[in-house]
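I opened the notebook to go through this chain helix by helix. I wanted burial, contacts and charge pairs written down in one place.

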Amino acid sequence: MEQIKEISTWLSILGIPTIFGLTSWCVRACKKFTRKLEILHSAQKAQMRSQLLEQYYHIKARGYVWSDELDDWVNQYKCYHELVGENGVLDARKKELESFPSQVRT
């Protein structure tokens, strides 16, 4: 009961137009923030894809893969896969990398 009185007091002090204005501002701010997050999400996906492909082509040119390098590549691929879902290009590259001769760094 006490909370209802307090809310009622705040409503009478602020007034409905002020509360509506604050709510509208919050909604706009959330939409703007969401849009920026979507842009960052897209940029992160593009960066990860580019890096995975660059590493793949470097390994392919060398003809073998270091075991720790493969682990790092696969871990990053898993994160990328979580963001994007299935990706035929990188799925095929992953299978190919896993079939490359592997060497351990000494």
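**Entry 1: start of the chain**

I note at the outset that this is a predicted model. I began with helix α1, which covers residues 2–14. Its 13 residues reach 18 Å from first C-alpha to last, close to the 18 Å expected at 1.5 Å a residue. I then checked burial. The number of buried residues in α1 is zero, so this helix lies largely in the open. Just after α1, I found Gly15 with a positive phi of about 85 degrees.

Next I looked up Ile16, which belongs to helix α2, residues 16–62. Ile16 is exposed, at 59% relative accessible area. I found Ile16 in a nonpolar surface patch together with Ile7 and Leu11. The patch amounts to about 290 Å².

**Entry 2: helix α3**

I moved on to α3, residues 67–84. I compared its length with expectation. The 18 residues should span 26 Å at 1.5 Å a residue, and the end C-alpha atoms are 25 Å apart, which agrees.

Which residues of α3 are buried? I listed Glu69, Leu70, Trp73, Val74, Gln76, Tyr77 and Tyr80. These buried residues pack against α2, β1 (65–66) and α4 (88–99). Just after α3, Gly85 takes a positive phi of about 95 degrees.

**Entry 3: three buried residues of α3**

I took Tyr80 first. Its relative accessible area is 4%, under the 20% cut-off, so Tyr80 counts as buried. Leaving out residues up to four places away in sequence, I found Tyr80 touching Lys45, Met48, Arg49, Leu52, Gly85, Asn87 and Leu90. I also checked a long separation. Tyr80 and Leu14 are 66 residues apart along the chain, and their C-alpha atoms are separated by 47 Å.

Tyr77 came next. Tyr77 is buried, at 8% relative accessible area. Beyond four places in sequence, Tyr77 touches Leu52, Leu90, Asp91 and Lys94. I looked up its spacing to Arg49 as well. The two are 28 residues apart in sequence, with 8.5 Å between their C-alpha atoms.

Then I turned to Gln76, also in α3. Gln76 is buried, with a relative accessible area of 16%. With the same sequence neighbours set aside, I recorded contacts to Met48, Gln51, Leu52 and Gln55.

**Entry 4: the nonpolar core**

How many residues does the largest nonpolar core have? I read 14. Leu52, Trp73, Leu90 and Leu97 have the most contacts inside this core. Helices α2, α3 and α4 each supply at least two of its residues. I set a general tendency beside this: in soluble globular proteins, nonpolar side chains tend to be buried together.

I followed up Leu90. Setting aside neighbours within four places in sequence, Leu90 is in contact with Arg49, Leu52, Leu53, Trp73, Tyr77 and Tyr80.

**Entry 5: salt bridges**

I found three salt bridges in the structure.

- Arg35 and Glu38 pair at 3.6 Å, N to O. Both lie in α2, three residues apart, about one turn of the helix. Arg35 is partly exposed, at 49%, and Glu38 is partly exposed, at 41%.
- Arg62 pairs with Glu69, the closest N and O atoms being 2.3 Å apart. Arg62 is partly exposed, at 26%. Glu69 counts as buried, at 18% relative accessibility.
- Lys94 pairs with Glu98, the closest N and O atoms being 3.1 Å apart. They are four residues apart in α4, so about one helical turn separates them. Lys94 counts as buried, at 19%, whereas Glu98 is partly exposed, at 42%.

I came back to Lys94 because its 19% falls under the 20% limit for buried. Lys94 is also one of the residues that Tyr77 touches.

**Entry 6: Lys60**

My last lookup was Lys60, in helix α2. Is Lys60 buried or partly exposed? I read a relative accessible area of 43%, so Lys60 is partly exposed. Apart from residues up to four places away in sequence, Lys60 touches Glu96 and Phe100. Lys60 and Val74 are 14 residues apart along the chain, and 15 Å separates their C-alpha atoms.

Conventions. Residues numbered from 1 in each chain as written. Predicted model: local features only at pLDDT ≥ 70, side-chain atom pairs only at ≥ 80, totals over all residues. Heavy atoms only, no water. Buried < 20%, exposed > 50% of the residue type's maximum accessible area, 1.4 Å probe, protein only. Contact = heavy atoms within 4.5 Å. Patch = residues over 30% accessible without salt bridge, like charges linked within 9 Å, V, L, I, M, F, W, Y side chains within 5 Å. Areas by Shrake-Rupley, 256 points an atom, 1.4 Å probe, with all protein chains shown as cover. Salt bridge = Lys/Arg side-chain N within 4 Å of Asp/Glu carboxyl O. Expected span 1.5 Å × (residues − 1). Core = buried A, V, L, I, M, F, W, Y, C linked by side-chain atoms within 4.5 Å.
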